[in-house]
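Me: I'm new to reading protein structures, and I'd like a close look at a single part. Could you take me through one sheet and what sits around it?

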Amino acid sequence: MDSQTKTEPMRVLVTGGSGLVGKAIEHVVKQEGGCLEGEQWTFLCSKEANLVVLPSQRDNLRINDNVLQTSHERGVTKVVSCLSSCIFPDKTTYPIDESMIHNGPPHDSNFGYSHAKRMIDIQNRGYFEQHGRRYTAVIPTNVYGPYDNFNFENGHVLSALMHKTYAAKKEGTPLQVWGSGTPRRQFIYSLDVARLFLWVLREYDEIDPIILSVGEEEELPIKDAVEMIADALDFKGQIVFDTSKSDGQMKKTASNAKLQRYLPDFTFTPLSEGIKKTCDWFVNNYDIART
């Protein structure tokens, strides 16, 4: 978020603008009246501003040298980064909360990625202590919704299952689900994440990150989510849980107590409703969905 003068708007840049969360933020800003007077929003996709490409490979965007450093040099007043629940320790007590980010090594399968995410939190603290910058981060639990990655192999858990269910129904075959279906997860609809992102951008002044999640009581087995997807897509075939495949981490229970203290009246989209909306979007937009 860029600073605002009397003659200039408050400029907000959203990177990853064509992805799951970016598209949800765009929807909230443009279709739910989320853009306030005096704000100017820009949504960039990787084709327009690829933050993965090395600086030497392009001339028109310097931000990838160091996103936070460049933001500081350009006078950006607020940066909200998106972390992941994989940053939390593999072996820990539950529920996990914001204070537990650095209490032990993360899960081996995400070790490098997780530590890179953790460094964002460390950098945010450094830029505040040295320069007074209010750069912060959010930690969503398992996000799902329109414009997700629905690929069988590398999509998020719900989106991949939606695609598998869609294909099984079309082909008249059983639905193959990896694992036993017993691991438990907290799922949050992408538009809920987007609405909370806007609140964090405008109202949340802490440097410490904040978990964006439904309550602990809404954590449920993958098997239950599969049944909701089958209902949403009217799949009547056999569901087979392939126990020869790994279940992964059995639970990642996250506390949303901090969020509830700030926003006690925030209403999350019920999982069955969010799944239905996402399945409908996927079916109606199959040609453009990431599959």
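Here is a walk through that sheet, followed by some of its surroundings.

Reply: Sure! One thing to keep in mind from the start is that this is a predicted model. To set the scene, the protein's secondary structure comes to eight helices and 11 strands. Of its 291 residues, 47% count as buried. There's also a handy number about how the chain comes together: take the contacts between residues at least 6 apart in sequence, and 77% of them join residues at least 24 apart.

Now for the sheet. Three strands make it up, in the order β3-β4-β9, and the sheet is open with parallel pairing. Why do β3 and β9 each have a side without a neighbour in the sheet? It's because β3 (78-82) and β9 (210-212) stand at the edges, and each has a single partner strand. From one strand to the next, the twist averages 30°. As a bit of background, strands of a sheet pair through backbone hydrogen bonds, and they can do that either parallel or antiparallel.

Let's zoom in on one of those pairings. Strand β4 covers residues 134-140, and three bridges join β4 to β9, the two running parallel. If you want a spot to find on the model, try I139, whose bridge partner in β9 is I211. A helix packs on this sheet too: α5 (residues 190-203) touches β3, β4 and β9. The direction of α5 makes about 150° with that of β3.

Next, pick out a residue on the edge strand. C82 lies in β3. Is C82 buried or partly exposed? With a relative accessible area of 28%, C82 is partly exposed, since buried would take a value under 20%. If you skip residues up to four places away in sequence, C82 touches K117, V138, P140 and F197. Two of these are easy to place, as β4 is residues 134-140 and α5 is residues 190-203: V138 and P140 fall in the first range, and F197 falls in the second. You can also look from C82 to V21: they are 61 residues apart along the chain, and their C-alpha atoms are separated by 9.6 Å.

V21 brings us to helix α1 (20-31), and from there to a pocket. The second largest pocket has a volume of about 170 Å³. Which helix gives the most to the lining of this pocket? That's α1, with six residues. Both α1 and α5 supply at least two residues of the lining. Among the lining residues are L20, H27, Y147, S190, L191 and W281. Sorted by class, the lining has seven nonpolar, three polar and two charged residues.

For a contrast, look at the second largest cavity, with a volume of about 30 Å³. Its lining has no nonpolar residues, but five polar and four charged ones. Including S85, N142, R184, E219 and K252, these are residues you can click through one by one.

One last stop is S159, in helix α4 (residues 157-171). S159 has a relative accessible area of 2%, so this residue is buried. Leaving out neighbours within four places in sequence, S159 is in contact with D148, N149 and F150. The C-alpha atoms of S159 and G145 are separated by 7.7 Å, and the two residues are 14 apart along the chain.

Conventions
Residues are numbered from 1 along each chain as its sequence is written. This is a predicted model: local features need pLDDT of at least 70, side-chain atom pairs count only at pLDDT 80 or more; totals for chains, interfaces and linings use all residues. Side-chain values use heavy atoms; hydrogens and water are left out. On a 1 Å grid over the protein atoms alone, a cavity is a set of points where a 1.4 Å probe fits but cannot get out, and a pocket is an open set with protein on both sides within 12 Å along at least five of seven lines; lining residues have an atom within 4 Å of a point. Grid points are joined across faces, edges and corners, and a volume is the space filled by probe spheres set on the points. Ala, Val, Leu, Ile, Met, Phe, Trp, Tyr, Cys and Pro count as nonpolar, Asp, Glu, Lys and Arg as charged, and the others, Gly among them, as polar. Two strands pair if DSSP finds at least two bridges between them. Helices (H or I, at least four residues) and strands (E, at least two) are DSSP runs, numbered from the N terminus. Axes are lines fitted to C-alpha atoms, for helices over the stretch in contact, and angles run from 0 to 180 degrees between N-to-C directions. Contact means heavy atoms within 4.5 Å. Buried means under 20% relative accessible area, exposed over 50%, partly exposed in between (1.4 Å probe, protein chains only).
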